[in-house]
Amino acid sequence: MNFAEFHFLRPWWLLALLPAALFLILLVRHRQGRGNWSDVCDAELLPFILQDKPLQASRGPLFGAGFAALLTIIALAGPTWQRLPGPVFRNDAALVIALDLSKSMDAADIKPSRIGKARYKIADLLKQRKDGQTALLVYGGDAFTVTPLTNDTATIDSQLSALTTDIMPSPGSNTSAALNAAVALLRQAGLVKGHILLVTDGVDSDVAEQAEHWLGDYRLSVLAMGTPEGAPIQLQGAGFLKDSNGAIVVAKLDEAALNTLAQHGRGIYQPVTANDADVENLGRLFNSAETGNENLDSNLLLQQWDEKGPWLLLLVLPWAALQFRKGLLLALLCLLPLPKNSYALDWQSLWQTPDQRAKQAFEQQQYQQAAEQFDNPDWRAAAQYKAGKFQEAAETLKNTQSAEGHYNRGNALAQAGQLQEAVQAYQQALQLDPKHQDAKYNKELVEKKLKEQEQQQENQQQDQQKQDKQDSSEQQQKQQQQQDGKPDQADKDAQPEQKPQDQQKADAKQDAEQNKAKEDQQSEAEAKQQAEPQPPKQEPTDQEQAAQATEKNETERANEQLLKRIPDEPTGLLKRKFKYQYGQRNRANPTGPAW
């Protein structure tokens with residue numbers, strides 16, 4: 001508490017002390033005065049009208065009113081003695097986080113694993129980002145962008161759970177590709193200065209020497225994941241990762257190489273810790289002003305003061321509560337505005353907007369409720385999509401003007417079975433953003449399925465035409481044979497061959513016995529059937545409905561197969577996206593270790 005800086009933020013309010021003092025003096029004189037009765041009464045009557053000793057009026061209310069007025073005026077003047085410093089300029093420093101997704105990050109020397117711990121640390125860093133843009137990229141044998149530079153850290157945080165080592169299309173740990181990709185993101189945004197954070201457990205030996213040349217004015221820091229003792233790499237199925245000689249690979253933290261890389265990058269080397277010390281150290285660096293502005297002059301700080309005046313009003317409240325009278329309350333009621341229409345209002349409505357409440361319902365997987373509450377059409381469409389209302393989601397996004405909106409509308413149309421309209425939506429997204437890889441991939445996927453449907457329909461038509469033609473030819477042939485009076489080939493095949501007379505008699509006797517046995521069995525079956533109660537016959541409409549229920553339209557089955565192939569969860573989507581991008585780059589196969 002520095003009273004040397006004590007001052008009033010609004011000192012002109014102190015002038016109100018003069019009229020307040022004058023009002024109190026007049027009030028005291030009015031109470032102390034006995035009135036000018038000598039002007040209207042005779043002197044002989046005054047002893048009988050006035051008391052010899054005037055009553056002593058209580059001065060407590062006057063002192064209370066004066067003290068309350070003094071505190072109120074001082075509070076309005078804004079007393080303060082403590083300054084809250086803040087930088088004049090906003091920190092526009094950008095941060096690109098490069099996460100290593102090589103197989104060595106599955107080692108469990110840090111619980112739950114290196115990659116699991118890395119996701120937690122990145123989430124904590126995002127919570128500390130006060131301002132500035134942030135991007136996230138991942139790398140293995142090659143580097144891929146998960147989220148470009150953005151101010152929305154919640155978008156990056158939502159992608160962290162999908163980042164696993166098995167989504168990378170090529171093995172390895174290509175640090176040079178990651179640094180080049182990070183520098184490219186910063187340069188594309190037109191940023192002269194920025195930070196790059198490498199979250200990894202090792203780098204190549206030659207990367208540190210070239211890093212300073214690649215980075216330029218950007219600074220590189222390292223968050224080291226792992227321990228020098230290391231641990232084996234757990235495979236998803238069972239067992240541990242082995243090298244070409246059959247020995248179990250033990251992934252160890254390369255502290256020396258990582259420390260050297262951070263020094264060449266003019267950043268800091270931070271080993272991962274069990275507490276938040278590592279995140280706090282990195283956060284102080286990333287959230288500070290740009291290099292050259294760390295030692296700001298105190299005169300360049302905003303004049304933000306911690307005002308103490310409102311606390312003085314707490315002392316006035318008890319006195320004010322005792323001064324209420326019926327007349328004063330009536331006056332206050334008269335000053336109230338006219339009543340307005342009342343609306344239903346719950347407790348949450350006082351603190352959250354409809355979009356905030358809808359987002360909370362969305363996070364709780366109450367998608368139908370969220371869709372009804374969202375005002376933002378993009379969020380409402382996302383909730384409708386999650387709720388299975390694909391047609392409604394497409395209808396919500398029909399007036400969208402963004403590439404992402406058309407892409408989401410295409411997904412909803414594809415899920416609704418409207419493949420041709422989905423292709424048109426993807427095409428509109430690509431017109432607005434030709435580099436939208438997801439829209440391009442899904443468009444090619446839907447177009448391929450449309451061709452398959454067309455081919456299936458053509459094959460069905462050809463098969464139907466062949467069947468009709470064959471039936472027609474057989475009918476014509478049968479009619480021609482009946483007209484000529486000649487048995488057809490089937491009748492010829494059914495005629496028995498000629499046998500000797502004795503053999504014919506034996507066969508005739510055997511046939512007669514077999515026919516008699518069949519007749520006896522049939523009679524017994526009919527008698528038994530008549531003795532038992534017969535079930536009611538099914539109506540033709542039920543049979544038709546059962547037949548319709550068992551038969552599936554070929555188009556619907558084709559749509560179901562297509563929808564199963566369209567990615568609907570982040571991990572699979574990122575895996576397909578990275579695989580597609582890796583194939584487009586035509587990179588050479590990595591020559592280093594697979595971990």
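The lining of the largest cavity is made up of five nonpolar, two polar and three charged residues. This cavity belongs to a predicted model. The model also holds a six-stranded open sheet, and helices α6 and α9 lie against that sheet. Salt bridges, a cis peptide bond and an unusual phi value complete the briefing.

**The cavity**
- The structure has one cavity of 30 Å³ or more.
- The space in the largest cavity comes to about 60 Å³.
- Ten residues line the largest cavity. Those nearest its centre are Gln-437, Asp-438, Tyr-441, Arg-576 and Lys-577.
- Two helices are named as suppliers of the lining: α18 (437-484) and α23 (570-585) each give at least two residues.

**The sheet**
- The six strands of the open sheet follow the order β6-β5-β4-β7-β8-β11. Their pairing is mixed.
- Strands β6 (143-150) and β11 (266-271) form the edges. Each of these edge strands pairs on one side only.
- On average, neighbouring strands of this sheet are turned by 15° against each other, direction ignored.
- In general, strands of a sheet pair through backbone hydrogen bonds, either parallel or antiparallel.
- Strand β7 (residues 194-200) and strand β8 (residues 219-224) run parallel. Six bridges join them.
- Leu-198 stands opposite Val-222, a residue of β8.

**Helices on the sheet**
- Helix α6 (residues 175-188) packs on the sheet. This helix touches β4 (94-100), β5 (134-139), β6, β7 and β8.
- The direction of α6 makes about 155° with that of β5.
- Helix α9 (residues 277-287) lies across four strands: β4, β7, β8 and β11.
- Relative to β11, helix α9 runs at about 165°.

**Salt bridges**
- The structure has seven salt bridges by count.
- One of them joins the side chains of Lys-121 and Asp-278, with 3.2 Å from N to O.
- This pair links distant parts of the chain, as its residues are 157 residues apart. Lys-121 sits in helix α4 (residues 114-128), and Asp-278 sits in helix α9.
- Helix α9, which carries Asp-278, is also the helix that lies across β4, β7, β8 and β11.

**Backbone details**
- Most residues other than glycine have a negative phi, and most peptide bonds are trans.
- The peptide bond from Lys-111 to Pro-112 is cis, and its omega is near 0°.
- Pro-112 is located in the loop between β4 and α4.
- Arg-266 has a positive phi, near 60°, and is a residue other than glycine.
- Arg-266 belongs to strand β11, which is an edge strand of the sheet.

Definitions and conventions. Residues numbered from 1 in each chain as written. Predicted model: local features only at pLDDT ≥ 70, side-chain atom pairs only at ≥ 80, totals over all residues. Heavy atoms only, no water. 1 Å grid on protein atoms, 1.4 Å probe; cavity = no way out; pocket = protein on both sides within 12 Å on 5 of 7 lines; lining within 4 Å. Points joined across faces, edges and corners; volume = space filled by probe spheres on them. Nonpolar A, V, L, I, M, F, W, Y, C, P; charged D, E, K, R; others polar. Pairing = 2+ DSSP bridges. Axes fitted to C-alpha atoms, helices over the stretch in contact; angles between N-to-C directions. Contact = heavy atoms within 4.5 Å. Salt bridge = Lys/Arg side-chain N within 4 Å of Asp/Glu carboxyl O.
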